[in-house]
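User: Could you walk me through the ligand site and the cysteines of this protein?

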Amino acid sequence: MKNNFKEDFLWGASSSAFQIEGAWDEDGKGMTVADFNSFKKSDVQADTKVASDFYHHFKEDISLMKELGMKTYRFSISWARIIPDGDGKVNQKGIDFYNKVIDLLLENDILPFITLYHFDLPFTLVEKYNGWESRDCVDAFERYAKVCFEAYGDRVKNWQTINEQNLMIRVNERMNIYNVPSENIEKVRAQMDYHMFVAHARATNACREMIPGGKIGPAVSSTMTYPSSNRPEDVWAAQMNDNFKTNYALEMYCFGEYPGYYKEYLTKCDLYPITKPEDEEVLKAAKPDFIAVNYYRTLVASYLPTNDSHSFGTKLKDIDFDLYGYFQIEKNPNLKATEYGAQIDPMGLRLVLNNYYEKYRYPLIITENGLGTADNLTDDGLIHDDYRINYLKDHIAACNDAIADGVELFGYCPWSVMDLLSSHQGFKKRYGFIYVDRVDHDVKELRRIKKDSFYWYKDVIKNNGLN
Ligand code: BG6
């Protein structure tokens, strides 16, 4: 296989604050939406209180990252550690913690790649404003972003604004859409979504003003949808599924406005958000420096006509919703799936990268990709995760092919650097190169154990993509 990765390709790995840090209320940190929701499930699975305890193990963890050879580490800052109530006083201890992490990474030649907001809105903003429903939340995010740029921008040049807004907005729990009457949910959701786009844009523009040489972009949860048949309406439905779940957001990020099909849907369904004239310039100015792609699986869709009981625009389910008048999701009989139902598809990654590059022409980086499954410690005290190695190997080969196709891909950061709290299955589902020895309801000693995939990925990085 010809190696197409450039010498300065950013091999790395990823995590997020609420899934890894623990110390959920230490040193002044406020509660977040992620904490709140995890506590509701504390009796059935691990919550955010300890997670992988990165807060107390970061020195050991960063030395493992160094040993792995990581060139970059994509992680998130917890907004509520920096500003506990979201828009009030800045917490110096929170600033100090990330200073220590950033400095140690740089001492070890690992570039920090920071996400400002990864599913963990400060809970006080929900109590005060119902979170993103209010424009106050946009102001709060812009201020928080500026606090981070001011504190870390001298050393951190790579930033992501919001992780997977396009997925988060589909999950009521993550948006905390609880007290909204069911008939208003979609209207509130559309307003929250719009406010997050304005917040993203304001942070992007601030980064440009405040950080010389800084680069900033969004991270999307990518979708690649195949038509269930070659009937033209199924082909259209598959395209609309991608449009409604991801591409409308990419259009907003890259061109500063919703595409026609999305405006039409919002208008026809009476969901159009309240906008302000001054947003237009802000949104259009906020061109990203890159697009970060999170990729786990592909989908299949077929056309879903309206009927007597389901009018145009009726939605069923959340994350992978069906939409009457447009599409419904189906299984792909040609692909194997993980035990949690994600259909494994390296070719889909090649297609997604080509698709985004052809349409938007921005450099791309993969900031999430990985296999979530149970890992078991064997009698030799190790983890033999050849299944993860195979998964990653195939996806790295797909990246290599995409580069040969002409895609400007500059980095690959699989999910996740170490085991962490899965967003749905606690510690039962693991993704890491480093095993964290704990289970849902027993944190044990949180020992770090290098999995077979750790040694394998170390070689991949050493050989710049081949091993
Ligand atoms: C991504 C999120 O959508 O998927 C991560 O950005 C998440 O936070 C990852 O952990 C995997 O999902 P899960 O539910 O298996 O943890």
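Below are some questions and answers on the ligand and the cysteines.

Analyst: This is a predicted model, where local features need pLDDT of at least 70, side-chain atom pairs count only at pLDDT 80 or more, and totals for chains, interfaces and linings use all residues. Residues are numbered from 1 along each chain as its sequence is written, and side-chain values use heavy atoms, with hydrogens and water left out.

User: How do the residues of the shell around the ligand divide into nonpolar, polar and charged?

Analyst: Ala, Val, Leu, Ile, Met, Phe, Trp, Tyr, Cys and Pro count as nonpolar, Asp, Glu, Lys and Arg as charged, and the others, Gly among them, as polar. On that basis the shell holds 5 nonpolar, 6 polar and 3 charged residues.

User: How far is a polar side-chain atom of serine 423 from an oxygen atom of the ligand?

Analyst: Happy to help! Histidine 118 has a side-chain N or O atom 2.8 Å from a ligand oxygen, and for asparagine 163 that distance is 3.0 Å. For the polar side-chain atom of serine 423, the distance to a ligand oxygen is 2.6 Å.

User: Why does the sulfur of cysteine 207 form no bond with the closest cysteine sulfur?

Analyst: A disulfide is a covalent bond between the sulfur atoms of two cysteines. Here a disulfide means a pair of cysteine sulfur atoms within 2.5 Å, and the whole structure has 0 disulfides. The sulfur of cysteine 207 is too far for a bond because the closest cysteine sulfur, in cysteine 148, is at 11 Å.

User: Is cysteine 399 buried or exposed?

Analyst: Buried means under 20% relative accessible area, exposed over 50%, and partly exposed in between (1.4 Å probe, protein chains only). With a relative accessible area of 1%, cysteine 399 is buried.

Notes. A polar contact is a pair of N or O atoms within 3.5 Å; within protein, one must be able to donate a hydrogen and the other to accept it, and residues adjacent in sequence count only if both atoms are side-chain atoms.
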